[in-house]
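Open your viewer, set a cartoon representation, and keep the selection box handy. We will hop from one selection to the next and say what is there.

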Amino acid sequence: GKVPVESSTEGAAMIVALAVPPHVPFQPTVICIGDVLLVSSSRDMAREGLKRLVQGGGPSKFDDPRLQEALRRLPQPEDSLVFYDCRLQFTQMRGLVDFLRTAGQGDPNAARVAGLMEVVFEEAAILDYEITVEYTEGNLNRSVAFGKLMPGVENKTLGKVLGSGKPFTDWQAWVPANALAFSLSTGANLHPLYERVMAIVKERFPEAEPGLAKFEEIQSQFGVHLDRDLLQAFSGEHVSVSLPATATSPMAGHGSFFALRCAKPDRIRELLHRLIDALKENPVVAAQQIQLVKCADLEGFEEFSALALSPFGFKPVIGFRDGWMVFGSKADDVKAVFAAKAGKSPTILDNKAFKQFNLEVKGPVQAIAYRNTAEDVRQVAAVLSQIGTMAPMVLGMMAAHAKPEDLKPVQEAIALLPSLSKIVAKFDFLQATLSVTQPGDQPGTYQRRTVTVVRPAAGR
C-alpha cells in the first residue's frame, strides 16, 4: 500500500518524512532550511543535523578519533571531504535483523531469514571506514582516499574474495606507450564465495539437498564443474588495455587486449574447444564456419574465425602465457603488449600525456586505471548524433504499422538528440583521469589517489 507523507515546520525549516511506524529502522526524512537540504534515512538523525546547523555545538563526527587519525594522513580538504563510516552502517543494518525477529513473532520463516541476513552482514562487514579529500592544483583535480579494514578481514568471505589477488609490481610493463586507456586490478576471486554460499545452503536449508545433488549430477553429466573447473581456475587479477586502431577497414575500432590470471590453462583450453565443437552442432552457428585455428604469429595462441567477422576485419586471438589467459582483438595488439612487457618497446611511463598527471606511483598496486575522458565524451556525443540521424529513417519504416499519435512522443525525443549530442560534447573539458589504489603504510589500510586533468580555460 501507499505510505503517507508527514510535513511539518520547525522555525524556518520545512520537514518532510515518510510516516512509517517508529520501530521501522528506515525512516527517510528531508529537511529544507534556506538553501541547505538535509537528507537522511533516520528521522532522529535528520533532526539532530538540523539542531546542529541552527544552534551549533555538541559532539561532532569530527570528534571521532578514527576521522582525526585519517585526516592527519591526508592533504588539506580544499574542495570536499567525505567520511564513510561502514562500521556504523553495518551496526545499523543489523537492526534489521532484530526488527525481523521481533516482527516475525516466532514465525520460523522470519527467524530463518533474519539468521541468514545476520550471516551475510557478518561476512560482508570488512571495511571500518574510508575518508576522501579533494583539492585542486592548477588544472589538476586531485582526490585522496584513505581506508581502514576491520580486524580479521582475512577470515571473512568478502575479504577472501577481494583480498586474495596478487598486487601488480610491474603494472607499467603491461601498458604500451601509445595505449588509449588501461585498467589493472587484483579483482575478485569467486571461489571463496561459492564455497561459503554452498556451506550456508547446506547448513541452513537442508531441504535444498536434493537440488544440490541434481546440480552435481548435471555437472558430472556435462563433464564441467563450476567451481573446480572455472572458479578455481581464475583468481580475479585482470589487465585491460585499449590501443589505437591499425586495421585499414573503416569499420574496425580500437585494438584491445585483455588478460586473466589463470591457474588451469590446459583445462580451460580444453573447455574452449569443447564449446566450439558444441556450437558447431547448431545449424545456424555452423553456417558461420566458426573455428579456432593455430595462430601463425603468436606461439601458444589460436585465432577465432567466423564469416560474420570477415567484413569488419576482426581476427580475435586467444591463448595462454606465463599463467595468464589472454584475449586480443588481433595478434598485433597482443604482440604490442608483450613487446612492452619484455622491455622491447616504450611503456606508458614514457608517454607525455601520462606525465601530465604528475602522480608518482611507487611500489605494488592493487588497482590502476587510466581513461581518456574527453575522447569517451566525444564518442558518446557522436553516437547520439548518429542515432539522431538514422532514427528518423527507422521510424519512417515503423510509421506504416503505427498510429501517428503513438509515434509523436518518439519523434519529439529523437528530434532532441542532435542538440543533446552538442551539449554532451561540451563536457570534453574533463580530459583524462588516472586512479591508483595501493596498500597503506599500516597493515589493514589502503590508499586510493585519483587525478583528473581539466582543460585550462581559453587564454590561461
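Select residues 127–137 and 140–149 to begin: these are strands β6 and β7, which run antiparallel and are joined by 10 bridges. Strands, like helices, are DSSP runs numbered from the N terminus (E, at least two residues for a strand; H or I, at least four for a helix), and two strands pair if DSSP finds at least two bridges between them. The model is predicted, so local features need pLDDT of at least 70 and side-chain atom pairs count only at pLDDT 80 or more, while totals for chains, interfaces and linings use all residues. Residues are numbered from 1 along each chain as its sequence is written, and side-chain values use heavy atoms, with hydrogens and water left out.

Zoom in on the turn. β6 and β7 form a hairpin with 2 residues between them, and G138 in that turn has a positive phi of about 60°. Beside it, E137 stands opposite L140 in β7.

Now add residues 80–84, strand β5. β5 pairs with β6 in the antiparallel sense over 5 bridges; to see one partnership, pick L81 and its bridge partner V133 in β6. Is β6 enclosed or open to the outside? Of its 11 residues, 8 are buried, so β6 is largely enclosed by the rest of the structure. Buried here means under 20% relative accessible area, exposed over 50%, and partly exposed in between (1.4 Å probe, protein chains only).

**Next selection: residues 5–40**

Here 4 strands form an open sheet in the order β1-β2-β3-β4, with antiparallel pairing. The edge strands are β1 (5–10) and β4 (36–40), each pairing on one side only. From one strand to the next, the twist averages 15°. In the middle of your selection, β2 (residues 13–18) and β3 (residues 29–33) pair over 4 bridges in the antiparallel sense; A17 has T29 of β3 as its bridge partner.

Extend the selection to residues 43–55. This is helix α1, which lies across β1, β2, β3 and β4 and runs at about 20° to β3. Angles like this run from 0 to 180 degrees between N-to-C directions, using axes fitted as lines to C-alpha atoms, for helices over the stretch in contact.

**Next selection: residues 86–104 and 108–124**

Two packed helices are described by the angle between their axes and the distance between the axes. For α3 (residues 86–104) and α4, the axes come within 8 Å and cross at roughly 170°. α3 and α4 are therefore roughly antiparallel to each other (under 35 degrees counts as roughly parallel, over 145 as roughly antiparallel, 65 to 115 as roughly perpendicular and the rest as oblique). Show side chains at the interface: residues of α3 including F90, M93, L96, V97 and L100 meet residues of α4, among them A110, V113, M117 and F121. Contact means heavy atoms within 4.5 Å.

**Next selection: residues 190–204**

Helix α6 has 15 residues and reaches 21 Å from its first C-alpha to its last, close to the 21 Å expected at 1.5 Å a residue; the expected span is 1.5 Å times one less than the number of residues. Its buried residues are H191, P192, Y194, M198 and I200, and they pack against α4 (108–124), α5 (157–163), α7 (209–222) and α8 (226–231). At the start of α6, look for a side-chain oxygen of N189 reaching to within 3.1 Å of the backbone nitrogen of H191.

**Next selection: residues 331–341**

This is helix α11, and D333 is found in it. D333 is buried, with a relative accessible area of 3%. Which side chain does the side chain of D333 make a polar contact with? The partner is the side chain of K330, at 2.9 Å. A polar contact is a pair of N or O atoms within 3.5 Å; within protein, one must be able to donate a hydrogen and the other to accept it, and residues adjacent in sequence count only if both atoms are side-chain atoms. Not counting residues up to four places away in sequence, D333 touches L243, G255, S256 and F257.

Color the buried residues of α11, which are A331, D333, V334, V337, F338 and A340. They pack against β9 (234–243), β10 (255–262), β12 (301–305), β13 (317–321) and β14 (324–328). After α11 comes G343, whose phi is positive, near 80°.

**Last selection: Q289 and N358**

Q289 has a positive phi of about 55° although it is not a glycine; it lies in the loop between α10 (283–286) and β11 (291–294). N358, also not a glycine, has a positive phi of about 50° and is found in the loop between α12 (352–355) and β15 (367–371). Q289 counts as exposed at 51% relative accessibility, and N358 counts as exposed at 58%.
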